[in-house]
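Reader: I'd like to practise reading a fold with you, one feature at a time. Could we begin with a helix and its two sides?

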Amino acid sequence: MAGVETVIDAGPIPYDAMPLHGDPDLEHGLRHVGLEPEDTSYRPIEVSLDAIGDVRSMPRWQNMGHTYIDLVREGVELPPIVVMPTRSGWTLVDGVNRTYAYWALGRATIRAYDLIEASRLHV
């Protein structure tokens, strides 16, 4: 089951109505888990970085660069990441660089879009 989150809006927000609509990385991530982007919907949440399974391997990601870290330090509002629930927490569908920046800066939480459709996959 996915980790604790704060629901910002219960949604659902259809894919074509979200700000990340048309993002090629997101579309690739969705298709990678067997979903067509147009068939997905989301809800905005705030999630603990510790609840995202991919974060556990970030200490080994030394070559990610500092572009996103610098943007966050400057106060730039980056788009939310996209996550989907798994039995052990959350997994990233899109937003590795944004998540890494928040992790590297020691942030506790990050804004995300919860892929509502993924809950049926039980990855």
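Author: Sure, and keep in mind that this is a predicted model. Look at the face of H1 turned away from its buried side: the exposed residues there are Pro24, Asp25, His28 and His32.

Reader: Which residues of H1 are buried, then?

Author: Start with the general idea. An α-helix has 3.6 residues a turn, so residues three or four places apart point the same way. Here, helix H1 covers residues 24-32, and Leu26, Glu27, Gly29 and Leu30 are its buried ones. Looking down the axis of H1, you find these buried residues within an arc of 160°, so they line one face of the helix.

Reader: What do the buried residues of H1 pack against?

Author: Their packing partners are E3, E4, E5 and E6.

Reader: And how do I read the two ends of H1?

Author: At the N-terminal end, look for a cap: Asp23 does that job, with a side-chain oxygen 2.9 Å from the backbone nitrogen of Asp25. At the other end, check the backbone angles. Most residues other than glycine have a negative phi, and most peptide bonds are trans. Just after H1 comes Gly34, which has a positive phi of about 90°. You'll find a similar case past H3, where Gly106 follows with a positive phi near 75°.

Reader: Where is there a cis peptide bond?

Author: Go to the bond from Gly11 to Pro12, which is cis, with omega near 0°. Pro12 sits in the loop between E1 and E2.

Reader: Let's do strands. Which strands does E3 pair with, and in what sense?

Author: Take them one by one. E1, residues 5-7, runs antiparallel to E3 and is joined to it by three bridges; Thr6 has Glu46 of E3 as its bridge partner. E2, residues 13-14, is also antiparallel to E3, over two bridges, and there Ile13 partners Tyr42. Then E6 pairs with E3 over seven bridges, antiparallel again. Across that pairing, Arg43 stands opposite Asp114 in E6.

Reader: Is E3 mostly covered or mostly open?

Author: Mostly covered: six of its eight residues are buried.

Reader: Next, the core. How many residues does the largest nonpolar one have?

Author: The general idea first: in soluble globular proteins, nonpolar side chains tend to be buried together. In this model the largest nonpolar core has 19 residues, and Val47, Ile52, Ile81, Val83, Trp90 and Ile110 have the most contacts inside it. Two or more residues apiece come from strand E3 (41-48), helix H2 (67-73), strand E4 (81-86), strand E5 (89-94), helix H3 (96-104) and strand E6 (109-115). H3 gives the most, with three residues.

Reader: What does Val83 touch beyond its neighbours in sequence?

Author: Leaving out residues within four places in sequence, Val83 contacts Ile45, Ile52, Trp90, Thr91, Leu92, Val93, Ala112, Tyr113, Asp114 and Leu115. There's also a second, separate core, this one of 13 residues, including Leu26, Val82, Met84 and Leu115.

Reader: Back to H3: which of its residues are buried?

Author: Arg98, Thr99, Tyr100, Ala101 and Tyr102 are buried. The buried residues of H3 pack against H2, E4, E5 and E6. Compare Ala104, also in H3: its relative accessible area is 36%, so it counts as partly exposed.

Reader: Now a charged residue. Why does Asp94 count as buried?

Author: Because its relative accessibility is 7%, and the cut-off for buried is under 20%. Asp94 lies in strand E5, and its side chain makes a polar contact with the side chain of Arg98 at 2.8 Å. Beyond four places in sequence, Asp94 contacts Leu20, Asp23, Asp25, Leu26, Ile81 and Val82.

Reader: Last one: where does pLDDT stay under 50?

Author: Over residues 119-123, for which the model has nine contacts beyond four places in sequence. For the chain as a whole, pLDDT averages 87, and 91% of the residues score at least 70.

Notes: Residues numbered from 1 in each chain as written. Predicted model: local features only at pLDDT ≥ 70, side-chain atom pairs only at ≥ 80, totals over all residues. Heavy atoms only, no water. Core = buried A, V, L, I, M, F, W, Y, C linked by side-chain atoms within 4.5 Å. Buried < 20%, exposed > 50% of the residue type's maximum accessible area, 1.4 Å probe, protein only. Helix = DSSP H or I, 4+ residues; strand = E, 2+ residues; numbered from the N terminus. Contact = heavy atoms within 4.5 Å. Pairing = 2+ DSSP bridges. Arc of directions from axis to C-beta. Polar contact = N/O pair within 3.5 Å; in protein donor to acceptor, adjacent residues only side chain to side chain. pLDDT = per-residue confidence, 0-100.
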